[in-house]
Amino acid sequence: MLHPTLEVLPNPESRSTEEREKLLVDPGFGRVFTDHMAVAIWTRGQGWHSAALTARKPFVLDPAAGVLHYAQEIFEGMKAYRAQHGAINLFRPEQNARRFNASARRMAMPEISEEMFLEAVETLVRADRDWIPDGEGSLYLRPFMFASEAFLGVRPAEEFTFCVIASPAGAYFKGGKSAVSLWVSDHLNRAGPGGTGAAKCGGNYAASLAAQAEAYEQGCDQVVFLDAVEHRWVDELGGMNLFFVFDDGRVATPPLEGTILPGITRASIIELLRRRGVEVNEESYAIDQWQADARSGRLSEAFACGTAAVVTAVGRVKGRSGDWTIGNGDGGTFTAAIRNELIGIQRGLVEGPDGWVRQVRR
Ligand code: PLP
Ligand code: COI
């Protein structure tokens with residue numbers, strides 16, 4: 001696939017070092033944005049064109065743009081990390097490019113070459129490298145694509161906009177909680193068989209928000225979705241995959257059957273554990289079994305994982321049929337160890353499998 005060369009147009013109004021440093025003190029998640037963005041346009045018959053790195057600015061969008069009506073939109077989430085000796089690392093970014101294209105196919109959108117995806121991401125990281133927080137923080141990168149054609153008929157759009165923005169990030173959960181609490185969504189579904197659950201499209205997140213609001217009302221941090229048919233099998237959280245650790249050393253995670261997102265963190269954890277000889281089963285786990293196993297102590301830990309949240313212990317689960325606590329409710333040593341290993345690999349402090357870390361060229 002041919003791709004246009006990206007024109008680099010630096011932002012003449014980039015913020016001063018002083019302003020930037022103030023914003024980097026406590027960026028939280030998704031609130032602070034850098035000075036640039038990468039963009040490209042796709043038009044039917046022409047393919048990708050007008051690729052550029054420019055000042056970050058609002059889009060000019062026709063009120064009839066497809067995305068505003070029929071939600072033809074996909075996105076990715078990835079991070080750039082400060083590593084030793086001034087290096088900047090990306091973690092398995094080609095996996096994000098591949099998943100982006102898988103999402104594009106499901107949503108009847110054009111694919112983008114892996115090279116163009118990576119060039120857009122890396123050019124933005126290079127331009128905004130000073131926005132990568134020191135210490136535990138990272139630069140969260142958000143590639144996305146949406147239907148920008150002005151047309152109200154219901155069909156795949158004939159013009160799309162691809163964009164990458166960047167946001168310095170600290171912990172996803174306020175206060176860097178050691179364990180989060182989950183609300184079981186037993187009637188609001190996120191995804192069903194044949195639906196878009198495995199695609200990273202905005203619509204999945206829109207569908208999750210009423211349940212997420214319920215979770216907040218119930219005093220919980222996140223919502224855990226069950227399968228849409230039986231409301232029995234654990235799927236995933238609104239923005240994270242789930243793992244279960246048993247007292248006999250086995251680990252389980254829900255299988256990829258089209259309704260959950262194939263997380264890159266999930267795949268990486270499975271690979272790291274299996275290399276170490278840990279038995280990891282990708283198998284369905286029933287919500288009542290989860291409750292019973294937590295009560296009996298057979299389940300020793302549970303954790304959520306994803307780019308934004310990294311690895312976060314699940315301490316407590318609350319549903320209409322009761323509440324339960326996992327272990328002492330504060331996370332355990334297995335979760336802490338896998339979290340540290342992953343962070344170590346991402347920052348180049350621990351050697352990971354070949355090819356997992358990609359250094360951004362200067
Ligand atoms: N599941 C959902 C619904 C997500 O939004 C995410 C975050 O991207 C994940 C799982 C974890 O995916 P990854 O590990 O690739 O970030
Ligand atoms: C991510 O971890 O990148 C996510 O997409 C989760 C959430 C911020 C949507």
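**Entry 1: second largest pocket**

I looked up which element gives the most to the lining of the second largest pocket, and found H8, with 6 residues. I worked on a predicted model throughout. H8 spans 333-346, and I noted strand S5 (78-82) and strand S16 (310-319) beside this helix as elements that each give two or more residues to that lining.

I then asked how many residues line the second largest pocket and which lie nearest its centre. The lining holds 32 residues, and those nearest the centre are Ala309, Val310, Val311, Arg339 and Ile343. I recorded a volume of about 500 Å³ for this pocket. By class, I entered 13 nonpolar, 13 polar and 6 charged residues for its lining. Domain 1 (7-169) and domain 2 (179-346) each provide at least three of the lining residues.

**Entry 2: largest pocket**

I next turned to the largest pocket, which encloses about 1,100 Å³ of space. Its lining comprises 43 residues; Phe29, Tyr172, Gln222, Met240 and Ala308 are the closest to its centre. In this lining I listed 19 nonpolar, 15 polar and 9 charged residues.

Which element gives the most to this lining? I found H5, with 5 residues. The elements that supply at least two residues each are strand S7 (138-147), strand S8 (159-169), helix H5 (202-217), strand S10 (222-226), helix H6 (264-275) and strand S15 (299-306). I also checked the domains: the lining of the largest pocket takes at least three residues from domain 1 (7-169) and at least three from domain 2 (179-346).

**Entry 3: nonpolar cores**

I looked up the largest nonpolar core and recorded 41 residues, among which Phe117, Leu141 and Phe162 touch the most other members. At least two residues of this core come from each of strand S2 (36-43), strand S3 (47-55), S5, strand S6 (88-91), helix H3 (93-106), helix H4 (114-127), S7 and S8. H4 gives the most to this core, with 7 residues.

I followed Leu141 further and asked which residues it touches, leaving out those up to four places away in sequence. I listed Glu76, Gly77, Met78, Lys79, Ala80, Leu90, Val121, Leu124, Val125, Ile165 and Ala166.

I noted a second, separate core of 25 residues, including Leu226, Met240, Ala294 and Ala302. Met240 thus appears twice in my entries: as a member of this second core, and among the residues closest to the centre of the largest pocket.

Methods. Residues are numbered from 1 along each chain as its sequence is written. Chains are lettered from A and ligands numbered from 1 in the order in which they are written. This is a predicted model: local features need pLDDT of at least 70, side-chain atom pairs count only at pLDDT 80 or more; totals for chains, interfaces and linings use all residues. Side-chain values use heavy atoms; hydrogens and water are left out. On a 1 Å grid over the protein atoms alone, a cavity is a set of points where a 1.4 Å probe fits but cannot get out, and a pocket is an open set with protein on both sides within 12 Å along at least five of seven lines; lining residues have an atom within 4 Å of a point. Grid points are joined across faces, edges and corners, and a volume is the space filled by probe spheres set on the points. Helices (H or I, at least four residues) and strands (E, at least two) are DSSP runs, numbered from the N terminus. Ala, Val, Leu, Ile, Met, Phe, Trp, Tyr, Cys and Pro count as nonpolar, Asp, Glu, Lys and Arg as charged, and the others, Gly among them, as polar. Domain bounds come from an automatic or database domain assignment. A nonpolar core is a set of buried Ala, Val, Leu, Ile, Met, Phe, Trp, Tyr and Cys residues joined through side-chain atoms within 4.5 Å. Buried means under 20% relative accessible area, exposed over 50%, partly exposed in between (1.4 Å probe, protein chains only). Contact means heavy atoms within 4.5 Å.
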